[in-house]
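Thank you all for coming. Please have the sequence and the picture open while I talk, and follow along on the screen as I go from one part to the next.

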Amino acid sequence: MNKFFIIALLFLSTSFVFCQTNKSKPTETAKPFVLGVIDEIQSKELGEKRILNIYLPEGYKAEEATKYPVIYLLDGSADEDFIHIAGLVQFNSFEWINQVPKSIVVGIATVDRRRDFTFPTTIEKDQKRFSTSGHSDKFIAFIEKELQPFIEKKYKTNDSKTLMGQSLGGLLGTEILLTKPTLFNKYVIVSPSIWWNNGSILNLDSSIFQENFSQQTDIYIAVGKEGLTPTEIPRVMEVDANLLAEKIKASKSKNIKVYFDYFPLENHGTILHPAASNSFRFFYPVKEKE
């Protein structure tokens, strides 16, 4: 009898442990949350491979005829501005918001922004501080000759091309606008580092100022309460951004449209998100229902 009791007890104990062991191994349900596509392009102009973070809008299908606007985002690494800008685009394209058409976002991941976003400077201290700087010409050639053709061949794009950049990215956006304006037809220029080379970019002439400039081009310029620039010769960010806007407003072309936005409650680090949101309202004004 005692033997039977011991065997039964051992059986029940084993069953209990087995059941407990099974319960401790729940079914695995976690899976990756996919926000976009990571693509790569080998650049001859830059002599290196570049990473592209790409957001494709809901309903995007390569086999369908629908084509989408493209927003090219500078500082587009995953740990920079790609995620929150892609989120803004998604939110503003919801059918109950309908501020922005469904769009592709191409985030150009950063390698060396001082090298890529600046033209040569005559300021010796800046030449020493930023030793790799001054090669924006190569980066612009990369955008024109390699990046845009790559995106237009691989993805379903239409003719709407927006460039978005902040700080040194805003400086590059300004340089492209003034020297290669037809690369994009919408420009988001936020807190541009006009101070580079003591504001020499403000002295550039451009085809956008001429009466015969024929491409419809919308330009949104924003700046926060940012104060003095980090330069030997004092400049003020707000003043420089306003000077740029006023220079563009003086264009003789009827196809140039510019909007200047001042954010007194934002600083250099916080301005991009609200500025990007406001730029969509400028580019795509919602008509009130009659």
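Let me begin with one pair of strands, S1 and S2, which pair in the antiparallel sense over seven bridges. Please keep in mind that what you are looking at is a predicted model. Within this pair, Val37 has Ile54 in S2 as its bridge partner, and the bridge partner of Ile38 in S2 is Asn53. Between the two strands of this hairpin there are four residues, and Gly47 takes a positive phi near 70° there.

Now, S2 also pairs with S4, and here four bridges join the strands, which run antiparallel. Asn53, which we have just met as the partner of Ile38, stands opposite Gly107 in S4. Is S2 enclosed or open to the outside? Six of its eight residues are buried, so S2 is largely enclosed by the rest of the structure.

With that pair in place, we can step back to the whole sheet. For those new to the topic, strands of a sheet pair through backbone hydrogen bonds, either parallel or antiparallel. In this model, eight strands form an open sheet with mixed pairing, and their order is S1-S2-S4-S3-S5-S6-S7-S8. The edges are taken by strand S1, residues 37–43, and strand S8, residues 256–263, each of which has a single partner strand, so one side of each is left without a neighbour in the sheet. On average, and ignoring direction, neighbouring strands of this sheet are turned by 20° against each other.

Further along the sheet we come to strand S6, residues 186–190, and strand S7, residues 217–224, which run parallel and are joined by five bridges. In this part, Ile189 stands opposite Ile221 in S7. Two helices also belong in this part of the picture. Helix H8, residues 272–283, packs on the sheet, where it touches strand S3 (68–73), strand S5 (157–166), S6, S7 and S8, and its direction makes about 150° with that of S7. Helix H7, residues 237–249, lies across S6, S7 and S8 and runs at about 160° to S8.

The loop between S6 and S7 holds a residue I would like to point out, namely Ser206. With a relative accessible area of 6%, Ser206 is buried. If we leave aside its neighbours within four places in sequence, Ser206 is in contact with Leu177 and Leu178. A polar atom of the Ser206 side chain lies 2.8 Å from the backbone oxygen of Leu178.

Let us turn to helix H2, residues 82–92, and ask which of its residues are buried. They are Phe82, Ile85, Ala86, Leu88, Val89 and Asn92. These residues cover an arc of only 155° around the axis, which puts them on the same side of H2. What do they pack against? The buried residues of H2 pack against strand S2 (48–55), S3, strand S4 (104–108), S5 and H8.

One of these residues, Val89, can serve as our example. Val89 is buried, with a relative accessible area of 0%, and, leaving aside neighbours within four places in sequence, Val89 is in contact with Tyr55, Ile71, Ser103, Val105 and Phe280. The C-alpha atoms of Val89 and Ile104 are separated by 8.7 Å, and these two residues are 15 residues apart along the chain.

My last topic is the aromatic rings. A pair of aromatic rings is described by the distance of the centres and the angle of the planes. A search of the whole structure finds 14 aromatic pairs, and I will show two of them. Phe94 and Trp96 form a stacked pair, with 4.6 Å centre to centre and 15° between the planes. Phe94 counts as partly exposed at 23% relative accessibility, whereas Trp96, at 62%, counts as exposed. The other pair, Tyr220 and Phe282, is tilted, with 6.4 Å centre to centre and 40° between the planes. Tyr220 lies in strand S7 and Phe282 in helix H8, so this pair ties together parts that are 62 residues apart in sequence. Both Tyr220 and Phe282 are buried. They also belong to one aromatic cluster, which is formed by Tyr220, Tyr259, Phe282, Phe283 and Tyr284.

That is where I will stop, and I am happy to go back to any part of the picture.

Technical notes
Residues numbered from 1 in each chain as written. Predicted model: local features only at pLDDT ≥ 70, side-chain atom pairs only at ≥ 80, totals over all residues. Heavy atoms only, no water. Pairing = 2+ DSSP bridges. Axes fitted to C-alpha atoms, helices over the stretch in contact; angles between N-to-C directions. Contact = heavy atoms within 4.5 Å. Phe/Tyr/Trp six-rings, centres within 6.5 Å; stacked < 30°, edge-to-face > 60°. Buried < 20%, exposed > 50% of the residue type's maximum accessible area, 1.4 Å probe, protein only. Arc of directions from axis to C-beta. Polar contact = N/O pair within 3.5 Å; in protein donor to acceptor, adjacent residues only side chain to side chain.
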